[in-house]
Amino acid sequence: MKELLKKYEEKHPEIVFHWTDPETEAEGWTVINSLRGGAAGGGTRMRPGLDMNEVLSLAKTMEVKFTVSGPAIGGAKSGINFDPRDPRKKGVLERWYKAVSPLLKAYYGTGGDLNVDEIHEVIPITEESGVWHPQEGVFNGHFTPTEADKINRIGQLRHGVIKVLENTKYTPDISQKYTVADMITGYGVAEAARHYYEIYGGEVKGKRAVVQGFGNVGAAAAYYLAQMGAKIVGIIDRVGGVINEEGFTFEEIKELYLEKDGNTLVAKDMIPFDEINAKIWSIPTEIFAPCAASRLITKEQISQMIDSGLEVISCGANVPFADKEIFFGPIMEYTDERVSLIPDFISNCGMARVFAYFMERRVQMTDDAIFNDTSMTIKNAIKNTFDHNSTTKNISRTAFEIALNQLL
């Protein structure tokens, strides 16, 4: 696996598009790792300090993810080095998407990512730049449909991603108009834990869980895990967190979801960050869902969780471990050898799978059909890994071997 990984990591990307904004200090890159299947896909992120190497590593991560979620295309990513809180953000995005629009028309599909919103920024701004939909390049490069078929499928994709959830099984509150895009990634993280126990033995109900991060992914993961009967014993977010070693009730988790301020946890019994960061890693727990930023989890934190009874990690964040390597660094390897580690490209593939689902010819547009499709995609990937290695250790190593053998 390590030889395959080294070969994959060292392979040069096919296309690197570099942009400097004429009106601000913003700088951006689109990295297309390969045009496998005639196209490539990956979202657009923005943060101060971002560089080309970060975008490259994310593009390679996307390519691995597509081996699970489909379609069978190459990985790509866009990144802009700019402060998303700057009032000039909208102008930067407008000029960026105008510059990158020829790629988006021909062979590259994008979406939202860190600090860039799919529905309120990516879709309307790319439309202004003459792109029918931010995934148009994937249609043209990979599917090569007729004009009429492309119009139908883009309509399906456009409607599906922003579809307001109507089934009470999937939404915390119908009146709040939560969409598929709001909930699907966190749903997949929770489903990955459920399928893990189904396949390897056991059940989620009654298991204690800790969730890191309470943005779209973490909050939804906590909501669905609690709905399954897991006991959420701790949540740690940027500013602080909450602990209840007996487990919060489903109603309490639902209330925390509804009360969050944007992507931030709000709770009346909030424990300050330094205090909860010193406590939470040693709380007895079986399930850990890291859903905050990339590269945060230290070896010491993982060791404490393992000593406290940790069984499975379902990754909501891409590359959650504080390794410098693109994929399989020493902390990830240490973790994978000791507990069941479901890799990010399986557990957090929900949004990528939704894109792939809506790109197919006429699919069902019900909440059940959309969410079940993501669930089954994740289940099949975990089952495939189990078929290659039925032990509860080295799950990520096995999953990477399966993916890389498709890509190399």
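How far apart should the ends of α8 be at 1.5 Å a residue, and how far apart are the end C-alpha atoms? Here are a few notes on this predicted model, beginning with that helix.

1. With 12 residues, α8 should span 16 Å, and its end C-alpha atoms are indeed 16 Å apart, so expectation and model agree. The helix covers residues 216-227. Just beyond α8, you will find Gly229 with a positive phi of about 105°.

2. Most of α8 is covered, with 10 of its 12 residues buried. Among them are Val217, Tyr223, Tyr224 and Leu225, along with a run of alanines from Ala219 to Ala222. Its buried residues pack against α7, β7 (208-212), β8 (231-236), α9 (250-259) and α15 (367-388).

3. Have a look at how α7 and α8 meet. Their axes come within 7 Å and cross at roughly 50°, and the two helices are therefore oblique to each other. The crossing is right-handed. On the α7 side the contacts include Met183, Tyr187 and Val189, and on the α8 side they include Asn216, Val217 and Tyr224.

4. Now to α6, residues 147-161: its 15 residues should span 21 Å at 1.5 Å a residue, which agrees with end C-alpha atoms 21 Å apart. The buried residues of α6 are Asp149, Lys150, Arg153, Ile154, Gln156, Leu157, Gly160 and Val161. Seen down the helix axis, these buried residues fall within an arc of 155°, so they line one face of α6.

5. What do the buried residues of α6 pack against? Their partners are α4 (118-128), α5 (136-143), α7 (180-200) and α14 (350-359). Helix α7 also appears among the packing partners of α8.

Key: Residues numbered from 1 in each chain as written. Predicted model: local features only at pLDDT ≥ 70, side-chain atom pairs only at ≥ 80, totals over all residues. Heavy atoms only, no water. Helix = DSSP H or I, 4+ residues; strand = E, 2+ residues; numbered from the N terminus. Expected span 1.5 Å × (residues − 1). Buried < 20%, exposed > 50% of the residue type's maximum accessible area, 1.4 Å probe, protein only. Arc of directions from axis to C-beta. Contact = heavy atoms within 4.5 Å. Axes fitted to C-alpha atoms, helices over the stretch in contact; angles between N-to-C directions. Parallel < 35°, antiparallel > 145°, perpendicular 65-115°, else oblique. Left-handed = near helix turned anticlockwise from the far one by under 90°.
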